[in-house]
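User: Hi! I have a protein model open on my screen and would like to walk through it with you. Could we take it as a series of short questions?

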Amino acid sequence: MAFCLLYKPVLQFCEIVVNEANFVRKCIGAESCQDDLWGKLVCTNFKVSFIAHNSLPRQCTHRLLGEHDIPLACVEQVVTVNDVKGKQKILGSNQKLKFNPTELILYCKDFRIIRFRFDEAGPESAKKVCLAIAHYSHPADPQLLFGFEYVGKRYHGSTGERVNGVDPGGGLQTPLFDCSSDWDREIKRTGASEWRVCTINQGYFISCESSMCVNICRLISDICRLWCWNHSSGSALVRMSNISDPQQQRKVEQRISSAITKSHPLRSDVFKSDLDKNLPNIQDIQAALLKLRQICVIDSFEESEEKWLSSLESSRWMEYVRTFLRHAVEVVYMLESRHVSVILLEKEDRDLSCVISCLVQLMCDPHCRSLHSFQGLIQKEWVMAGHRFLDRCNHLKRNDKEESPVFLLFLDCVWQLWNQYPAAFEFTEVYLTVLGDSMWVPVFSTFLFNCPRQRAEHSRDFASSKSIHLGQDQALCFPPVWDWSQQFSLKDQTLFNNPLYVGKIATCVQNGTVKTFTHRRSKKNYSSTLRGLPSALRNGSLGPNDTLARRNSLMLRLRSDLSQVREQQETPSERFVRDFFSRPVDLQGLLLPQLLPSHLSVWKLYFLRWVPEAQIPQGGPITAFHKLSVLTDEIEMLQNQLRQYQGAAGTPNNLHAEHSKMYFKATSTPHQSPAPPEYLSSSFPFSPVGNLCRPGILGTPLSKLLNGAKIWLSTETLANETI
């Protein structure tokens, strides 16, 4: 096994090896070690890296992380086990380990659980690498996160000029809303003529965002809210933080409501939505995720089992997803049907309001459903509004009470919308999964700070300590996560493109003439077949002969007399929703989610991608995506050829297709490279063989560790324990 000494980790700019151990076995197989991987386990200041000598070719290559790499920020628990002495310990920063570990278990925030065995490794090297992983995954200060070293040395020289001519975010199409011009464009796009960009807080003296949109009827002293969006009716969606003094809160609310009413064309009233009273708090959301992780990757998985389904329900994660979607629909009703402005009230205006404001805009505004506009929406409503990514992701692992997967809950809500209306979104399920994973790569400014002010403060402190000249920006130029070229090749980025997407500029070719088709013509097709629903189901309403399957049972039809009673008891908002589902869907108009339990499903590609039992080896959604991509690419290729014939009076100038937007391409000649495989795993491209979780052999269950349970005598005992 001398090969271990020959393999070296691929290091990023300014990444250094802290410790390593040779002859380490990464556990894969359930019964024996014949499927396990042998190699070297390395801890750097950025990641935990396993270098295997027999790795399979990767389906999708990450430019910052290898197939078996784990960012340190993604490591949630470091557990060491000694089989012989019957000991186990959860390691933290600067802790001592009194026994030589025979096994290391890493519980990851992306739902992976990874085991390493040190049967052939030296005991001292095994202990040192475990301690190094525990220490470097618990940094004491934000400036110890790898992103600061990466950005400080990669993009800045001693005089402040760009290193290697690289300008992070240069040429980026996504609006970052870090300057007044981006806000101006959004105001003009939504027709919010009564709102202006205010730069009085350029130095972050009042709040955490530098540019804010304020109502021209308001006083500067009332700047304690953030404009989000304007409906076409003139109604505004506004976020506002609560004030501790109730009397002062009422006065401020009255002034703001009066100003918003005056700015409305119809002088409509203002509806106040108190999110703290109507939605689960951050602790509830965190508890639900821990239970969801338990049943997805630790408990035995069997989706058809009643026990598994009841456990899923008891986690309350899906309940919270429904709650947030339902509340967003209620806000949409106020804006769309009653034409009133809405103020989202929250204690600190940086968590729940981020979710609701984004969901409302996605439902109402088709502009937000394109890839770059969706990214701009997150930049505007999360990053620049000061969502506490540093605390909520718990990158420093020092305050568990502040940790909460609010952003992941939002992505799940978006996925539920996407799952019901796939043709309405330019991006794919793969894109949403990649976006969720990017939270744990602490290089990008998007998920690294609590607010823009914190970014500026830490930038100045770090630059001063490293003698870096900041220049005019007065901040380190952290790349935004939206510069996907830093993580993926152009070919891999095409997995983000949705072949079903029906955008405003979608075109068709008829008799050689390029025409923009009207979406009204395709409403019925997309409302039924593309969503995989019964043909008679138009946008959520059942036909006379249709029933909906709920898992393994059929949903019973309500009797007509009960339906009449229910209609009499309908609220105006329920009637608004029912009327929406009685009409054909308009993919470029309003979208409302169906919220019955049978309509929402588990986001398998994110939560169950490491579980082999949950995968479909030769089928599933990714196979359908593959076939649709090939078909879409072939149509686009034929359209290009028709245009070329048209332009050259029937003679083709160049039959070579333009750069394809699809990862899977149609082949037009036998000389071109062979087509991709006909079948792909339903978890493509996220679960290579070496990263699968195997229920039953994962070692110490996380719940037992957190509850301080008994010590097991061996790995076999761990495997046989029931939860």
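## Helix contacts and single residues

User: Which residues of α9 meet which residues of α10?
Analyst: Happy to help, and please keep in mind that this is a predicted model. On the α9 side, the residues are Cys354, Val355, Ser357, Cys358, Gln361 and Leu362. Their partners in α10 are Phe374, Leu377, Lys380, Glu381 and Trp382.

User: By class, how many residues of that contact of α9 with α10 are nonpolar, polar and charged?
Analyst: Lys380 and Glu381 take part on the α10 side, and both residue types count as charged. Ser357 and Gln361 take part on the α9 side, and these types count as polar. The tally for the contact is 7 nonpolar, 2 polar and 2 charged.

User: How are α9 and α10 oriented to each other?
Analyst: Helix α9 spans residues 352-364 and helix α10 spans residues 371-383. Their axes come within 10 Å and cross at roughly 150°, in a right-handed crossing. Angles over 145 degrees count as roughly antiparallel. The two helices are therefore roughly antiparallel.

User: And what is the orientation of α8 and α9?
Analyst: Here the axes come within 9 Å and cross at roughly 60°. The crossing is right-handed. An angle of that kind falls outside the ranges for parallel, antiparallel and perpendicular, so α8 and α9 are oblique.

User: Which residues make the contact of α8 with α9, and how do they divide by class?
Analyst: From α8 come Phe324, Leu325, His327, Ala328, Val329, Val331, Val332 and Leu335. From α9 come Leu352, Val355, Ile356, Leu359, Val360, Met363 and Cys364. By class they divide into 14 nonpolar, 1 polar and no charged.

User: Is Gln375 buried or exposed, and what does Gln375 touch?
Analyst: Gln375 is found in helix α10. Its relative accessible area is 0%, and buried means under 20%, so Gln375 is buried. Leaving out residues up to four places away in sequence, Gln375 touches Thr174, Tyr431, Trp482 and Trp484.

User: Which residues does Val434 touch?
Analyst: Val434 sits in helix α13, residues 429-437, and counts as buried at 6% relative accessibility. Val434 and Gln487 are 53 residues apart in sequence and 10.0 Å apart in space, C-alpha to C-alpha. Not counting residues up to four places away, Val434 touches Trp484, Phe488, Phe496 and Phe686.

User: How far apart in space are Ala132 and Val48?
Analyst: Ala132 belongs to helix α1, residues 123-136, and is buried at 8% relative accessibility. Beyond its neighbours within four places in sequence, Ala132 is in contact with Val18, Asn19 and Cys43. Ala132 and Val48 are 84 residues apart in sequence, and their C-alpha to C-alpha distance is 9.7 Å.

User: Which residues does the UniProt "binding site" annotation cover?
Analyst: One of the two is in the loop between α5 and α6, namely Asn281. Asn281 is partly exposed, at 36% relative accessible area. According to the unreviewed UniProt entry, the annotation covers Asn281 and Ile282.

User: What are the phi values of Arg316 and Asn394?
Analyst: Most residues other than glycine have a negative phi. Arg316, in the loop between α7 and α8, is partly exposed at 37%, while Asn394, in the loop between α11 and α12, is buried at 5%. Neither is a glycine, yet phi is positive in both. The values are about 75° for Arg316 and about 55° for Asn394.

User: Is the peptide bond from Phe684 to Pro685 cis or trans?
Analyst: Most peptide bonds are trans. Pro685 lies in the loop between α20 and α21. The bond from Phe684 to Pro685 has omega near 0°, and that makes it cis.

User: Last one: what percentage of the residues in the protein is buried?
Analyst: The secondary structure comes to 22 helices and 18 strands. Among contacts between residues at least 6 apart in sequence, 70% join residues at least 24 apart. Of the 723 residues in the protein, the buried share is 56%.

How values were computed
Residues are numbered from 1 along each chain as its sequence is written. This is a predicted model: local features need pLDDT of at least 70, side-chain atom pairs count only at pLDDT 80 or more; totals for chains, interfaces and linings use all residues. Side-chain values use heavy atoms; hydrogens and water are left out. Axes are lines fitted to C-alpha atoms, for helices over the stretch in contact, and angles run from 0 to 180 degrees between N-to-C directions. Helices (H or I, at least four residues) and strands (E, at least two) are DSSP runs, numbered from the N terminus. Angles under 35 degrees count as roughly parallel, over 145 as roughly antiparallel, 65 to 115 as roughly perpendicular and the rest as oblique. A crossing is left-handed if the near helix is turned anticlockwise from the far one by less than a right angle, and right-handed if clockwise. Contact means heavy atoms within 4.5 Å. UniProt positions are given in the numbering used here, feature names are shortened, and annotations may be inferred rather than shown by experiment. Buried means under 20% relative accessible area, exposed over 50%, partly exposed in between (1.4 Å probe, protein chains only).
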